[in-house]
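Colleague: Please show me the model, and let us discuss how its terms are applied.

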Amino acid sequence: MKKELIKGNEAVVKAAILAGCTHYFGYPITPASEIAQAAAHFFPLIGGTFVQAESEVAAINMVYGAASAGRRTMTASSGPGLSLKQEGISYLAGAELPSVIVDVMRAGPGLGNIWPEQGDYNQMVKGGGHGNYKNIVLAPNSAQEMCDFTILAFELSDHYRCTAVVLTDGSIGQTMEPVEFPDHVKPAPAKDWAVRGDAETRKNLVSSIYMSTETLRALNERLQKKYAEIEAREQRWEDYRDDDAELVIVAYGVTSRVAENAIEELRRKGLKVGMLRPKTLFPFPKKRLQELAAGRVRRFLVAEMSNGQMIDDVKLAIEHKKPVDFYGTYGGKLPAVEEIVDAVETAYNRQS
Amino acid sequence: MTTTTITTTTTTTTITKGKPSTFYETFERKAGKDKLTTHYCPGCGHGRVHKLVAEALEEMGLGDRTIFISPVGCSVFAYYYMNTGNVQAPHGRAPAVGTGLARARQDSIVISYQGDGDLAAIGTAEIVHAANRGENMTVFFINNAIYGMTGGQMAPTTMVGQKTLTSPYGRDAATEGYPMRMSELIATLEAPVYVERVSCTDVKNIHKCRKAIRKALQLQVERKGFSFVEILSTCPTNWKMNPQDSIKWIQEVMEPYYKPGVYKDKTAEAKPLPKSAPITDPDELRRILGLEKGKTEAKTRASIGERRIKIAGFGGQGALTAGAMLATAGMNEGLQVTWLPSYGPEMRGGTANCSVIISDKRIGSPLVMRPDVLIAMNRPSLDAFEQEVAPGGMIIVNSSMIDRKVSRSDIKAVYVPFTELAAGLGLKAAANTVAVGAFLAQEPLFDRERIFEVLRTSFKKKEAVETNIRAVDEGFNFGRT
Ligand SMILES: Cc1ncc(C[n+]2csc(CCOP(=O)(O)OP(=O)(O)O)c2C)c(N)n1
Ligand code: SF4
């Protein structure tokens, strides 16, 4: 397709439709509202469904319903809405339903403000609701990736029968960039487990309740096996000038874009700095981090718009073999390039 | 199945000549060895209603089409019994889950079966809004005035004075409010087609209950929308009564407050809801999405480096549109571009600004904090952003609206009367296009023709295109001088 200058949030909707998503359920919230608005525009035109739900609680349960019926379905929101969705996400995990959720993060806690932050990392990457489950979490850093990862989210969630989250932030959602939508998208697989209200699927049950301890244990074991398989097969990342780097920044989303500017500046000053950008937050790109930690990298620096929610994942991935520094900001303001440059320079010159 | 006898004066429900095929013969999903008896207590209203629903589905030939939603409550295991498609929902959310199902499968029969804690407490929002949207589904609301599953706590429907585990002195209206009449509440909404309350006590009432169930389902078959049947039902266990006294309690205590009857019936005037089928043809989808076939060619061209631009003005001056024009033209030129608007309440009545980056290489942060070029369309914008401009940068000032000069000496200042030049063309709204022209005069990143192309696709009226093209030229010519 020809390139189109489009907001990340709107690219999500076009990509979802190309991926065969037919049912959208959502509730408005800045800075994710363009997703609901574009969905309200396009889904009726394609013979699909857009419902503005009465709350995020209802929206996620509508997703649960449409997913049970075997449709590709999605919702989108931001921090406060995601907090409300957690109950439903846990049920989706327990019932092993595929679904796609886009979280365009804003600053918290509480009502916080509407500007970008990355403080939903814990609630999206670590589970967030009750029970032993995880979501696949994809972290786009451009409008093009908002498109690509939305499609990927549908594919992965159907394949593994789990929720796939597209975790982004207010600035990536709001930025218009050229996007090339794909020419071909794989159709959804057959879902013989779904409940479609027909003779063929009459025997089916979608449920997350397992009354015997053995059957619930079996479900949990199946889930853990699935997550282990996801960890083995689905780690994705981008290496950015890290082949000769002595210090590697780990950053995702818009922070990785600011880090690119910082790296240019630092390289100009002669510092060997690169970046490892996780494209998947679960599974976390452990393999690559381990390789880097085993090589010439002296230190890592995690840069986030949060209080450091990703640090533990980096430290665990590299098994504490190298020191990990941190640069964080919050409140809704993007870090200035100089701030990251300063933090890296200080870390770079540290002896221990 | 031919005839059914339901004996209400004893503790069990007996179906004399076989079960309907919509009710499982044996309950294979039930844990434990006993696959023949339900998990319900003796004399419980749930079992009775399940069977009435199953019979109606059988008689109406709906077994294959039905999706039965089990709620959270004693009927959480309804899927042990209902030989239909089954979906289990979170506490109170069945109407939302039902919305998803009904929208996803428009030929299915969706049943949301809910208790009073589920429907009238935790799920109040979901039931009210599913009803208000007129979802094509049927709700069977089992009102037993108590939380059964969790052992007998107060429900929103618990009677005043009724003792439960969490109203040990009896429900006190002064602090706990009054029992909620959900049928009456739902009936106030415009969309529902049919709302009735029945009581499942004696033979006469059971007959009414059966009729109500059939009617509600029939309306759904006809796609007439939302139907709601409230059934007053027994919970001998938590009422701490025997089954006979429970029936009596319904008749003597519940019925006078929860009066059985039809609360709404729009059967005659209700029209079938429209159906939609998702389009699957990829070409048709692409057409609807406005995606153009082909490739945007990557051009090999002289390097321009990177320009970080901020355009600011008051809402309505078109600062954001000017930025989008530059970004689109840059994209069509084969350059990398980003456009990020200020968003949210800060735009209300105040200033709007956008960050635009045009570059010959991959762009980092899309937010312009130190612009190379500031286009200030009004005074507050100049005041706000002058100090942010990078040393050696430039400010293009709308001299029609800004009565002061740029105070910094380390940057270049260009004064162009955007608004006057646009007004001269009879289109004051084109001040932003004048600004774009002035910018290109100073920063010839690409030919003006690129902007003209954008204008040709963004305005339907030829006249508007022509005027805006002239506005670009005016700004360009003025900006060069
Ligand atoms: C979110 C949540 N809160 C609380 C519960 C515990 N719970 C299970 S059933 C129930 C009440 C059910 O009462 P009702 O809807 O009246 O159904 P009944 O058991 O009387 O048929 C409660 C509070 C739960 N499962 N989930
Ligand atoms: S506790 Fe009450 S509602 Fe639950 S099964 Fe027993 S009698 Fe029925």
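Modeller: The discussion turns to a cavity and then to a ligand.

Modeller: This is a predicted model, in which local features need pLDDT of at least 70, side-chain atom pairs count only at pLDDT 80 or more, and totals for chains, interfaces and linings use all residues. Residues are numbered from 1 along each chain as its sequence is written, chains are lettered from A and ligands numbered from 1 in the order in which they are written, and side-chain values use heavy atoms, without hydrogens and water.

Colleague: What makes a space a cavity?

Modeller: On a 1 Å grid over the protein atoms alone, a cavity is a set of points where a 1.4 Å probe fits but cannot get out. A search of the whole structure finds 1 cavity of 30 Å³ or more, and the largest cavity holds about 30 Å³ of space.

Colleague: Why is A:Phe154 called a lining residue of the largest cavity?

Modeller: Lining residues have an atom within 4 Å of a point; A:Phe154 is among those that line the largest cavity, therefore it has such an atom. Others include A:Arg71, A:Asp158 and A:Lys191.

Colleague: What makes B:Cys74 a polar contact of ligand 1?

Modeller: A polar contact is a pair of N or O atoms within 3.5 Å. A backbone N or O atom of B:Cys74 lies 2.8 Å from an oxygen atom of ligand 1, so the pair qualifies. A polar backbone atom of B:Asp118 is also 2.8 Å from an oxygen atom of ligand 1, as is a backbone N or O atom of B:Gly148.

Key:
1 Å grid on protein atoms, 1.4 Å probe; cavity = no way out; pocket = protein on both sides within 12 Å on 5 of 7 lines; lining within 4 Å. Points joined across faces, edges and corners; volume = space filled by probe spheres on them. Polar contact = N/O pair within 3.5 Å; in protein donor to acceptor, adjacent residues only side chain to side chain.
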